[in-house]
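Trainee: I would like to take a close look at one part of this protein, and I would be glad of a guide. Could you walk me through it slowly?

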Amino acid sequence: MKIAKNKSTIKIIAGKFKGIHLEMPPSSQTRSSKSILKESLFNTLGAEVIGTCFIEAFAGIGSIGLEALSRGAKEALFFEQNPAAFQTLAKNIAFLHAKDPAISTNCFLGDTFALLPEAIRKIQTPKIIYLDPPFSFRQDCAGIYEKCILLLQEILDLNLFLIIFEHLSDEKLPKNIGHFSIIRQKKFGKSSLSYYAPSQYAKESNG
């Protein structure tokens, strides 16, 4: 399968799929994280992504989760509500699966808030959750971030060791979410990344 030359694409930065172009949806109801932010994210994660279950909430075309797979994640889960974006996500997964049938993915069409907790409950692999709430909600940024925080507070999962928020830089996130505490923040113009780890780990890192 080949991606049509007239399609908008974004490239996988590193790993076994380095240089492969992922398809973008025909409309911009979804977006892909800019490359400088994505490169910083995976430089920060380093080897920690290897062997994990990488969960991309509000996945869009799946560029973050598929980058994680390229860099050694054991599996990736994707949640997307927009049908057009989901269709493009499915194409991108199929494109990479054709190159490596061994990759493990699962994608869910529907409301992340309703689907994610149950979908990840039985997975015993160490987990990373990445959240980037979509633009359609950002007229009420505080509202969507509050919903994300409530979602995470419901997830009592000992295998979840890192939560990463991509958010607007002028939105201040809480220092603590459930038993997770913020360990790192980095700003990229209008967007920022905030990293949360279990509170005990955060204390050890800061100590």
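Trainee: Leaving aside its neighbours within four places in sequence, which residues is L41 in contact with?

Mentor: Happy to help! Please keep in mind that this is a predicted model. The average pLDDT of the protein chain is 87, and 86% of the residues score at least 70. One stretch to treat with care is residues 1-6, where pLDDT stays under 50. Where pLDDT is low, the predicted coordinates should not be read in detail.

Now to your residue. Once its neighbours within four places in sequence are set aside, L41 is in contact with I64, Y130, I164, L193 and Y195. Let us follow some of these names outwards.

Start with the core. The largest nonpolar core has 34 residues, and L41 belongs to the group that touches the most other members, together with L45, F54, L96, Y130, I164 and L193. So three of the partners of L41, namely Y130, I164 and L193, are in that group too. In soluble globular proteins, nonpolar side chains tend to be buried together. Several elements supply at least two residues each to this core: α1 (35-45), α2 (63-70), β4, α3, β6, β7 and β10. Helix α3 gives the most, with five residues. Apart from this core lies another, of 26 residues, including A57, I129, I144 and I163.

Next, look at I164 and Y195, both in contact with L41. Y195 in β10 is the bridge partner of I164. Their strands, β7 (residues 160-168) and β10 (residues 191-198), pair in the antiparallel sense over six bridges. These two strands also bring together F165 in β7 and Y196 in β10, an aromatic pair whose members are 31 residues apart in the chain. The pair is edge-to-face, with 6.3 Å centre to centre and 70° between the planes. F165 is buried, with a relative accessible area of 0%, and Y196 is buried with a relative accessible area of 0% as well. The structure holds six aromatic pairs. As for Y130, another partner of L41, it forms one aromatic cluster with F42 and F54.

Now step back to the sheet. Eight strands form an open sheet with mixed pairing, in the order β5-β4-β3-β6-β7-β10-β9-β8. Strands β5 (104-109) and β8 (176-177) stand at the edges with a single partner strand each, so one side of each has no neighbour in the sheet. Further along, β3 and β4 run parallel and are joined by four bridges, and C53 stands opposite E75 in β4. Strand β4 is mostly covered, with six of its six residues buried. Both of its faces are covered: E75, L77 and F79 are buried on one side, while A76, F78 and E80 are buried on the other.

Finally, the helices on the sheet. Helix α3 (residues 83-99) lies across β4 (75-80) and β5, running at about 170° to β5. Helix α4 (residues 112-120) packs on the sheet too, touching β3 (53-57), β4, β5 and β6 (127-131), and its direction makes about 155° with that of β4. If you return to L41 now, you can trace its contacts with I64, Y130, I164, L193 and Y195 once more.

How values were computed. Residues are numbered from 1 along each chain as its sequence is written. This is a predicted model: local features need pLDDT of at least 70, side-chain atom pairs count only at pLDDT 80 or more; totals for chains, interfaces and linings use all residues. Side-chain values use heavy atoms; hydrogens and water are left out. pLDDT is the predictor's confidence in each residue, from 0 to 100. Contact means heavy atoms within 4.5 Å. Two strands pair if DSSP finds at least two bridges between them. Axes are lines fitted to C-alpha atoms, for helices over the stretch in contact, and angles run from 0 to 180 degrees between N-to-C directions. A nonpolar core is a set of buried Ala, Val, Leu, Ile, Met, Phe, Trp, Tyr and Cys residues joined through side-chain atoms within 4.5 Å. Buried means under 20% relative accessible area, exposed over 50%, partly exposed in between (1.4 Å probe, protein chains only). Rings of Phe, Tyr and Trp (its six-membered ring) pair if their centres lie within 6.5 Å; planes under 30 degrees apart count as stacked, over 60 as edge-to-face and the rest as tilted.
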